[in-house]
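These are my notebook entries on a protein chain. I looked up its overall make-up, its backbone, its aromatic rings and its internal spaces.

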Amino acid sequence: MGKEQDENEGYLRIQDIPALNQSHCKMRDPERVEKIINEFVCGGPERMQFVSDFDYTITKQRTEDNLPVLSSFGIFNACKSLPTYFKEESDKLFHKYRPIEIDPHMPIEEKVQHMIEWWTQSAKLASGFAFDESEIEHTASKFKRALRDHTHELFATLLRLQIPVLVFSAGLGNSVVSVLQQANIMHPNVKVVSNFLQYRDGVLDGFQQPMIHTFNKNETVLDGSEYYELVHTRDHIIVMGDSLGDADMANGVPASSHIMKIGFLFDHVEANMDKYMNTFDIVLVDDQTMDVPRALLALVEQRHQLRHPHVTNGASAIVLPNAAL
């Protein structure tokens, strides 16, 4: 009886979490969100993993001065030594396929075929010429400030609590890793799974396999990997993304898992709202911060500290395998 009373007294309510009561924070089923938060808090950091998209999720969808935020492929395309034909053709592909990717009306099954075409043609373009990857580092250095506000604090908390972080990107992994490194958030608990450049005889030869596009990036591609072995028992998962396909990034985890899906909505807000509300547990409209995921982790950390007042560093230290899958 006493234990049950203590647990009821410690039960968290949505209305008591300020970050979830902002006007731009939308929830279709607040009771479900509340239940998952309490599962997270009771389970502690040892059962958690964090899965995030990169482009326009870790990076902003817009900046205060309205300067464009380059995607990870955009960083690569901005490298000055690339052949003119590559830049021109890449630009054509972007303007053809990006509207399809964010089209609120096209069925996902139809979008998948277009995304495969886009990635396949991009890989063919990125072949047959020499390229120095230090150029990516130079270009990426200009965009490390495009990270969402309080990203550094979020990643510091994840490191402190020893929660594994999977950055799952359908973009260019070389750019993703470079931005994270230059922003000093490529911590030992962070792994990047993405499309990485490959070389043959000293020249570019497209991307390493498997191809990862917007609608196939999920944990099923990790089966058998070192990372999968590390996290497959961690059944409390925060998933963050800006496109509908990102909501499936935790597919492949046990059915008993508790998953909190956070969606950042910026493009075509009115047309996309219903689909985002039906896909994500929390929808953040034009929110360029990491305040909501930070608030969730703060609740987990506070309860963990109450249970373990003499422990300052969550679970035992973890070091993830190399950045590239």
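**Entry 1. Contacts and overall make-up.** I began with contacts between residues at least 6 apart in sequence, and found that 73% of them join residues at least 24 apart. The model is a predicted one, and I read every value below with that in mind. For the secondary structure I noted 11 helices and nine strands. The chain has 325 residues, of which 54% are buried.

**Entry 2. Backbone.** I next looked for departures from the usual backbone geometry. Most peptide bonds are trans, and most residues other than glycine have a negative phi. Where is a cis peptide bond found? I located one joining glutamine 209 and proline 210, with omega at about 5°. Proline 210 belongs to the loop that runs between strand E6 (203–207) and helix H9 (226–231).

I then recorded two residues other than glycine with a positive phi: tyrosine 56, near 65°, and asparagine 184, near 60°. Tyrosine 56 sits in the loop between strand E2 (48–52) and helix H3 (72–77). Asparagine 184 sits in the loop between helix H8 (173–182) and strand E4 (190–195). Is asparagine 184 buried or exposed? Its relative accessible area is 60%, which is over the 50% cut-off, so I list asparagine 184 as exposed. Tyrosine 56, at 17%, falls under the 20% cut-off and is therefore buried.

**Entry 3. Aromatic rings.** I counted nine aromatic pairs. One of them is formed by tyrosine 97 and tryptophan 118, whose ring centres are 5.9 Å apart. Why is this pair classed as stacked? The planes of the two rings meet at 15°, and an angle under 30 degrees counts as stacked, so the class follows from the angle. The pair links distant parts of the chain, with tyrosine 97 in helix H4 (residues 84–101) and tryptophan 118 in helix H5 (residues 108–125), 21 residues apart. I found both tyrosine 97 and tryptophan 118 to be buried. Both also belong to a cluster that ring pairs build from Phe73, Phe94, Tyr97, Trp118, Trp119 and Phe207.

I also noted a charge over a ring: arginine 148 lies over the face of phenylalanine 264, 3.8 Å from the ring centre.

**Entry 4. Largest pocket.** I obtained a volume of about 1,000 Å³ for the largest pocket. Which of its 50 lining residues are the closest to its centre? I listed Tyr56, Ser71, Phe94, Arg98 and Glu101. Tyr56 is thus the residue entered above for its positive phi, and Phe94 is a member of the ring cluster.

The elements that each supply at least two residues of this lining are H3, H4, H5, strand E3 (165–172), strand E8 (258–265) and helix H10 (269–279). H4 gives the largest share, eight residues. By residue class, I recorded 23 nonpolar, 14 polar and 13 charged residues in the lining of the largest pocket.

**Entry 5. Cavities.** How many cavities of 30 Å³ or more does the structure hold? I found four. The second largest has a volume of about 40 Å³. Its lining includes Phe54, Asp55, Thr59, Ser71, Phe143 and Val179. I sorted the lining of this second largest cavity into seven nonpolar residues, three polar and one charged. Ser71 appears in this lining and also among the residues closest to the centre of the largest pocket.

Key. Residues are numbered from 1 along each chain as its sequence is written. This is a predicted model: local features need pLDDT of at least 70, side-chain atom pairs count only at pLDDT 80 or more; totals for chains, interfaces and linings use all residues. Side-chain values use heavy atoms; hydrogens and water are left out. Helices (H or I, at least four residues) and strands (E, at least two) are DSSP runs, numbered from the N terminus. Buried means under 20% relative accessible area, exposed over 50%, partly exposed in between (1.4 Å probe, protein chains only). Rings of Phe, Tyr and Trp (its six-membered ring) pair if their centres lie within 6.5 Å; planes under 30 degrees apart count as stacked, over 60 as edge-to-face and the rest as tilted. A charge sits over a ring if NZ of Lys or CZ of Arg is within 6 Å of the ring centre and within 35 degrees of the ring normal. On a 1 Å grid over the protein atoms alone, a cavity is a set of points where a 1.4 Å probe fits but cannot get out, and a pocket is an open set with protein on both sides within 12 Å along at least five of seven lines; lining residues have an atom within 4 Å of a point. Grid points are joined across faces, edges and corners, and a volume is the space filled by probe spheres set on the points. Ala, Val, Leu, Ile, Met, Phe, Trp, Tyr, Cys and Pro count as nonpolar, Asp, Glu, Lys and Arg as charged, and the others, Gly among them, as polar. Contact means heavy atoms within 4.5 Å.
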